[in-house]
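Q: Hi! Could you walk me through this structure? I'm new to this, so plain words please.
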Amino acid sequence: GLSRDSINAMRATFRAVFYGDGGSIDERARAAKEKYAAVPEVGEITDFIRADAKQELCLARRRGGDVT
């Protein structure tokens, strides 16, 4: 299993990337990868988010209806 620290880092990464303020998702993912460099799972998540793909990420709507 994953350590509690790894789980907390992944949760913080998700919140920062998808609900954070300032910058693009790509910039926030890059910042999270740097902040949690010691957590390999965060690197995997952020690499996936930043990878070139045929389709963009499907983003959740924020409460109130705004798409992030």
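**Starting with one arginine**

A: Happy to! At 34% relative accessibility, arginine 50 counts as partly exposed. Keep in mind that this is a predicted model.

Q: Okay, and where does arginine 50 lie?
A: Arginine 50 is part of helix α3, which covers residues 40–50.

Q: Leaving aside its neighbours within four places in sequence, which residues is arginine 50 in contact with?
A: Those contacts are Asp26, Ala29 and Arg30.

Q: And how far is arginine 50 from isoleucine 25 in space?
A: From C-alpha to C-alpha, arginine 50 and isoleucine 25 are 8.3 Å apart, while in sequence they are 25 residues apart.

Q: Let me zoom out. How many helices and strands does the protein have?
A: There are three helices and zero strands. Reading from the N terminus, the order of elements is α-α-α.

Q: What share of the residues is buried?
A: Buried residues make up 25% of the 68 residues in the protein.

Q: And what about contacts across the chain?
A: Take the contacts with a separation of 6 or more: residues 24 or more positions apart account for 45% of them.

Q: Now charges. How many salt bridges does the structure hold?
A: It holds three salt bridges. As background, side chains of opposite charge can pair when their charged atoms come close.

Q: Which residue does aspartate 26 form a salt bridge with, the closest N and O atoms being 2.8 Å apart?
A: One partner is arginine 50, the residue we began with. This pair links distant parts of the chain, 24 residues apart, with aspartate 26 in helix α2 and arginine 50 in helix α3.

Q: You said one partner. What else does aspartate 26 meet in a salt bridge?
A: The side chain of arginine 30 also meets aspartate 26 in a salt bridge, at 2.8 Å from N to O. Here both residues lie in helix α2 (residues 25–35), four residues apart, which is about one turn of the helix.

Q: Are aspartate 26 and arginine 30 buried or exposed?
A: In between! Aspartate 26 is partly exposed, at a relative accessible area of 29%, and arginine 30 is partly exposed too, at 36% relative accessibility.

Q: What about the salt bridge of lysine 33?
A: The side chain of lysine 33 meets that of aspartate 47 at 2.6 Å, N to O. Lysine 33 lies in helix α2 and aspartate 47 in helix α3, so this pair ties together parts that are 14 residues apart in sequence. Lysine 33 is partly exposed at 32% relative accessibility, and aspartate 47 is partly exposed at 39%.

Q: Which residues do salt bridges that share partners join into one network?
A: Asp26, Arg30 and Arg50 are joined into one network that way.

Q: New topic: rings! How many aromatic pairs are there?
A: The structure holds two aromatic pairs. One is the tilted pair of phenylalanine 14 and phenylalanine 18, with 5.0 Å centre to centre and 45° between the planes.

Q: Why are phenylalanine 14 and phenylalanine 18 separated by about one helical turn?
A: Because they are four residues apart in helix α1, which runs over residues 4–19. Phenylalanine 14 is partly exposed at 45% relative accessibility, whereas phenylalanine 18 is buried, with a relative accessible area of 15%.

Q: And which residue does phenylalanine 14 pair with edge-to-face?
A: That one is tyrosine 19, at 6.0 Å centre to centre and with 65° between the planes. Tyrosine 19 is partly exposed, its relative accessible area being 40%. Ring pairs thus link Phe14, Phe18 and Tyr19 into a cluster.

Q: Last one: how much space lies in the largest pocket?
A: About 240 Å³. To picture the idea, rolling a probe the size of a water molecule over the atoms shows where empty space is left.

Q: Which residues line the largest pocket?
A: The lining is made of Ile25, Phe48, Ile49, Ala51, Asp52, Ala53, Lys54, Gln55, Glu56, Leu57 and Leu59. By type, those lining residues divide into seven nonpolar, one polar and three charged. You may recognise Ile25 in that lining: isoleucine 25 is the residue 8.3 Å from arginine 50, C-alpha to C-alpha.

Definitions and conventions
Residues numbered from 1 in each chain as written. Predicted model: local features only at pLDDT ≥ 70, side-chain atom pairs only at ≥ 80, totals over all residues. Heavy atoms only, no water. Helix = DSSP H or I, 4+ residues; strand = E, 2+ residues; numbered from the N terminus. Contact = heavy atoms within 4.5 Å. Phe/Tyr/Trp six-rings, centres within 6.5 Å; stacked < 30°, edge-to-face > 60°. Buried < 20%, exposed > 50% of the residue type's maximum accessible area, 1.4 Å probe, protein only. 1 Å grid on protein atoms, 1.4 Å probe; cavity = no way out; pocket = protein on both sides within 12 Å on 5 of 7 lines; lining within 4 Å. Points joined across faces, edges and corners; volume = space filled by probe spheres on them. Nonpolar A, V, L, I, M, F, W, Y, C, P; charged D, E, K, R; others polar. Salt bridge = Lys/Arg side-chain N within 4 Å of Asp/Glu carboxyl O.
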